[in-house]
Amino acid sequence: MSSGIKVWNVPGARKASRERVQVGRIGCACKKRWDEHISGDRISPQDTVPRSRIMDTSSSNRTISPTRAWWKSATVYQIYPISFFDSNGDGIGDLDGIRHKLDYLKTLGAEVLWLSPICKSPLADMGYDISDYYSIDERYGTLEDWDKLLKETHARGMRLVMDIVVNHTSDEHEWFQKSRANKDRKANPMRDWYIWRPPRFDQDGNRMPPNNWKSMFQGSAWEYDRATEEYYLHLFVAKQPDLNWENADMREAVWKLMRFWVDRGCDGFRLDAINHISKVDGLPDAPVVIPTLPYQPGHAFYINGPKVHDYLQEMNAEVLSRSDIVSIGEAPVTHSIAELAQYVYPKNKELNMVFQFELNDIDAQGGLEAESPICYKPWRLQDMKAIINRFQQWGRSDDFWNTVFIENHDNARSISRYGNDSAEWRALCAKMFCIFQITQSGTLFVYQGQEIGMKNVPKSWKLDEYKDVATINFWNQTKEKRMRLSGKDADEVDMSDILEQCQRKARDNARTPMQWSSSPHAGFTTGTPWMRVNDEDDWTVEGQLSDPDSVLNFWKRALQLRKQHEVLVYGDFDLLLPDDPAIFAYTRTLEDGSSALVVMNFGTDPITFAESVPTMKGAQLLLSNYPVTNSQDEAWASSSSAVLRGRRIV
């Protein structure tokens, strides 16, 4: 695998954002190197490309000029607080721990810090089950600690974004406690703040849930409440009852809590599962698509529901449009870009951007109807290119805006999942995926640990090391099903394939504590960590800071490069070689004539290519995932072809 960013500065061109920038080959290939003189982020002026291989692409006639905004060009760094840094030795990351690392984040190039949920929660789903929107969970600190963190974040020129969950709450939230207290809707107006339904009964009189919907985390999406003899809906775990967005009083309560954080200084929101908030009238049964399971995916009845845009337009009018804040929606289980774009088009006055997961679902066995996203299937580079191409080119004239990410708290580490984390390829792979991200149009998101090339948990870990409710529920459901179908006892059922799937794709892989140093528990805590550190891995921040060729320092250079060249943020995207099984290549072109060429080899073997990938007149190499030591660019040394070294994709 190798990757390199080439930018050629045409003599006499203007500097900064108007500089004539041509990024030639963000070549990602593990068996190819860009042989150029690089000093820091600069290329020696004597570096040249053979004239026979130069093509001037500056005369593009199809450029679009997107509107500019601070949140479009910003680099957002996602922090999973419980695993980031523990300041008091209790084994749990906290707000003071984040505050102590602000200088590190600033130096990295982060401009916005997105905190996964830190409000009070019983942690049934790691904070995505909020029991009090107005307080900080005591594990992480206090409101005063948050205020101090905000102040020091702003003092460094960075912003702070909160992760808010308003599709559902915790069942320990005061709202739900009042809702379940009395099912008489006249006597209890908060009953309808949640979605309650009476049971159904089969022909033998057995009580059944109101419909056959499957929870995202396995089992029925309904939980029976014996006190009121009704079921409540929970699309996730039973301790996460869904709010009823049909109720205007409930919506006003949501606007109120959002205003609380905006008034306190919050710079925006990431809105969890926001495309789930509107359900179809009647809540009908879902079609049977997984015959071996009693409950079925009901996506068609609550994903992008009939009133979701009405609700978000109301949110925009009541909260989002009243301050200069950013709004980021999470929109899983949706592959239709036309549907996703409706959330983002400025004319619709809803959100600034949404996370879409078609790329993350590329290796999901069963696609959107999979029993679990943990189930793996092989994927093709051609399909990845097609997905990225659609999102990069969609709706530019209507100011549609992308999110650019490959890791987060819900997805395994990219180099283990899509690449190769072996000693031979790990650094090259991590750098290639860095280039892959920084050269796409959209707001860039970096997940904690990604900047040092953190990898998945070891294959030696057993199930008891995994903490995620989604992982454990899927394991238990699969084991129960295999016992039922085979007639075997629990200790006779082979689950080795599921453990292998967990090691490859489980969310736990992204949630191991941050690896800061060679100290015990990788410097995350002086106590006992809430989750085992990946103690078989010696890659740390401390170990990479002083190494100029480290993944960490590569990310620093790459983020600085992206800030220097608007073409990488706002430029048009044109895919090259869409059917090539190993090369991912594209150009970026801005309305001022700036242009960039990106070439990546996703294979292990060297690849030779010819005129199908152009060079650029006056272009200059800026970044490569292979060391660049010579003034002659090996990839373009031939007048008729170029060679990219390989990058392993498993």
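This is a selection-by-selection tour of a predicted model.

**The sheet**

Start with the strands. Select β17, β16, β15, β9, β6, β5, β19 and β18, which in that order make up an open sheet of 8 strands with parallel pairing. At the edges are β17 (353–355) and β18 (403–404); each has a single partner strand, so one side of each is left without a neighbour in the sheet.

Zoom in on the β17 edge. Strand β16 (residues 326–330) runs parallel to β17 and is joined to it by 3 bridges. Pick G329 here: the residue opposite it in β17 is V354.

Next, add residues 143–155, which are helix α4. Helix α4 lies across β6 (112–115) and β9 (159–164), at about 140 degrees to β9.

**The largest cavity**

Move to the enclosed spaces. There are 8 cavities of 30 Å³ or more in the structure, and the largest has a volume of about 850 Å³. To centre the view on the largest cavity, select M216, F217, P332, V333 and P373, the closest to its centre among 42 lining residues. Colouring the lining by residue class gives 18 nonpolar, 12 polar and 12 charged.

**The second largest cavity**

For the second largest cavity, with a volume of about 160 Å³, select Q356, L359, T403, F405 and Q440. These five lie nearest its centre, out of 16 lining residues. At least two lining residues come from each of α9 (381–393), β18 and α11 (426–438), and α9 gives the most, with 4 residues. β18 is thus a return visit: it is also one of the strands at the edges of the sheet. The lining of this cavity has 8 nonpolar and 8 polar residues, and no charged ones.

**The second largest pocket**

Now go to the second largest pocket, which has a volume of about 330 Å³. Select Q218, G219, S220, Q477 and E480, which lie nearest its centre; the lining has 22 residues. Two elements give two or more residues to this lining, β13 (222–225) and α12 (469–486). Which of the elements gives the most to the lining? It is α12, with 6 residues. By class, the pocket lining divides into 8 nonpolar, 9 polar and 5 charged residues.

**A salt bridge**

Finish with R68 and E591. Of the 43 salt bridges in the structure, one joins these two residues, with the closest N and O atoms 3.1 Å apart. R68 is in the loop between β4 (42–43) and α1 (70–73), and E591 is in the loop between β21 (583–589) and β22 (595–601), so the pair ties together parts 523 residues apart in sequence.

Notes. Residues are numbered from 1 along each chain as its sequence is written. This is a predicted model: local features need pLDDT of at least 70, side-chain atom pairs count only at pLDDT 80 or more; totals for chains, interfaces and linings use all residues. Side-chain values use heavy atoms; hydrogens and water are left out. On a 1 Å grid over the protein atoms alone, a cavity is a set of points where a 1.4 Å probe fits but cannot get out, and a pocket is an open set with protein on both sides within 12 Å along at least five of seven lines; lining residues have an atom within 4 Å of a point. Grid points are joined across faces, edges and corners, and a volume is the space filled by probe spheres set on the points. Ala, Val, Leu, Ile, Met, Phe, Trp, Tyr, Cys and Pro count as nonpolar, Asp, Glu, Lys and Arg as charged, and the others, Gly among them, as polar. Two strands pair if DSSP finds at least two bridges between them. Contact means heavy atoms within 4.5 Å. Axes are lines fitted to C-alpha atoms, for helices over the stretch in contact, and angles run from 0 to 180 degrees between N-to-C directions. A salt bridge is a side-chain nitrogen of Lys or Arg within 4 Å of a carboxyl oxygen of Asp or Glu.
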